[in-house]
Structure formats: structure tokens, C-alpha cells
Amino acid sequence: MTQLTTKIKLYANREIDFLKDVILQDDGDGAYIKEWNLDIAQPTIAQLNAFEAQANIVESNQAQVQNRINEYGSIAKQIEYITENGLDAWQTKVAVIKAKYPKE
């Protein structure tokens, strides 16, 4: 199941400030919209649930990107790798990491 925040971002088709634009609350039964301060209509649960499949892809891709970043290492480590092994070797390493963590 995807995050409510992801579905709201997809519904609004923009980045959301969840401290100002949309306030969520969870009283123990799952998150819900407590306050809606956007200039578009507040979505129904059914409208948000319609974004479930798309939200799954977004969240999966975010996880894959984070895995790639972790495996690439810091920028300093990448520069050191390029300096010691050459740009072609680094590009090959990046291609292997991208293949290991593909995005949808």
C-alpha cells in the first residue's frame, strides 16, 4: 500500500508542503487529510485510491534511486574512482548499478 502523501502529490500534480498546504493526521487508524489548503477540490478517498498503481511505481522508483545513490558512494568517492580508474571504468560501474536497481 502506498503512502497517502504520494497519492496526494499525484492528485495535485505538484509538490505539496505537508506543513502548510495539506495537513495530515493519524489517530491510530491510518493517515487522513485533516486540513486542505490548496486551490483545487479536496479529493475523495476513491479519487486518491485511483492513484494507487501510479503511486506504487513512484515509490518503487524512489527506492531504486536511493539504492543507486547509496551504492554510488559520495561525490568524493566517485571522483576518486574516476581519478584512479578512468571515466570509462566509472561509466561501466554506473551502468552496472543502474542495471542492478532498474526504475519502472
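In this predicted model, strands S1 and S2 sit side by side and run antiparallel, with five bridges joining them. S1 covers residues 22-26, while S2 takes in residues 31-36. To get a feel for how the two strands line up, look at Leu24: its opposite number in S2 is Ile33. The pair makes up a hairpin, and four residues lie between the two strands. One of the turn residues, Gly28, has a positive phi, at about 110 degrees.

Gly28 is joined on the list of positive phi values by Asn13, which comes just after helix H1 and has a phi of about 60 degrees. As for H1 itself, its buried residues are Leu4, Thr6, Lys7, Ile8, Leu10 and Ala12. What covers them? The cover over these buried residues includes both hairpin strands, S1 and S2, along with helices H2 and H3.

Now for the way H1 meets H3. The axes of these two helices are 9 Å apart, and the packing angle is about 110 degrees. Angles of 65 to 115 degrees count as roughly perpendicular, so that is the label H1 and H3 get. The crossing of H1 past H3 is right-handed. On the H1 side, the residues that take part in the meeting are Thr6, Lys7 and Leu10. Facing them from H3 are Glu52, Gln54, Ala55, Val58 and Glu59.

Two names from that contact list turn up again among the salt bridges, of which the structure holds four. Glu52 pairs with Lys7, and their closest N and O atoms are 2.9 Å apart. Why does this pair tie together parts that are 45 residues apart in sequence? It does so because Glu52 belongs to H3 (residues 52-72), whereas Lys7 belongs to H1 (residues 4-12). Are the two partners buried or exposed? Both Glu52 and Lys7 are buried.

Another salt bridge links the side chains of Asp39 and Arg14, with an N to O distance of 2.9 Å. Here the partners come from loops: Asp39 is in the one between S2 and H2 (45-49), and Arg14 is in the one between H1 and S1, so this pair ties together parts that are 25 residues apart in sequence. Asp39 has 68% relative accessibility and therefore counts as exposed. Arg14 comes out at 36%, so it counts as partly exposed.

Lys9 and Glu15 also join up through their side chains, in a salt bridge with an N to O distance of 3.9 Å. Salt bridges are counted when the atoms are within 4 Å, and the Lys9 and Glu15 pair, at 3.9 Å, is on the list. With a relative accessibility of 28%, Lys9 counts as partly exposed. Glu15, at 63%, counts as exposed.

Finally, back to H3, where Ser60 is found. This residue counts as partly exposed, because its relative accessibility is 27%. How many residues apart in sequence are Ser60 and Lys103? They are 43 residues apart along the chain, yet in space their C-alpha atoms are 7.5 Å from each other.

How values were computed. Residues are numbered from 1 along each chain as its sequence is written. This is a predicted model: local features need pLDDT of at least 70, side-chain atom pairs count only at pLDDT 80 or more; totals for chains, interfaces and linings use all residues. Side-chain values use heavy atoms; hydrogens and water are left out. Two strands pair if DSSP finds at least two bridges between them. Buried means under 20% relative accessible area, exposed over 50%, partly exposed in between (1.4 Å probe, protein chains only). Axes are lines fitted to C-alpha atoms, for helices over the stretch in contact, and angles run from 0 to 180 degrees between N-to-C directions. Angles under 35 degrees count as roughly parallel, over 145 as roughly antiparallel, 65 to 115 as roughly perpendicular and the rest as oblique. A crossing is left-handed if the near helix is turned anticlockwise from the far one by less than a right angle, and right-handed if clockwise. Contact means heavy atoms within 4.5 Å.
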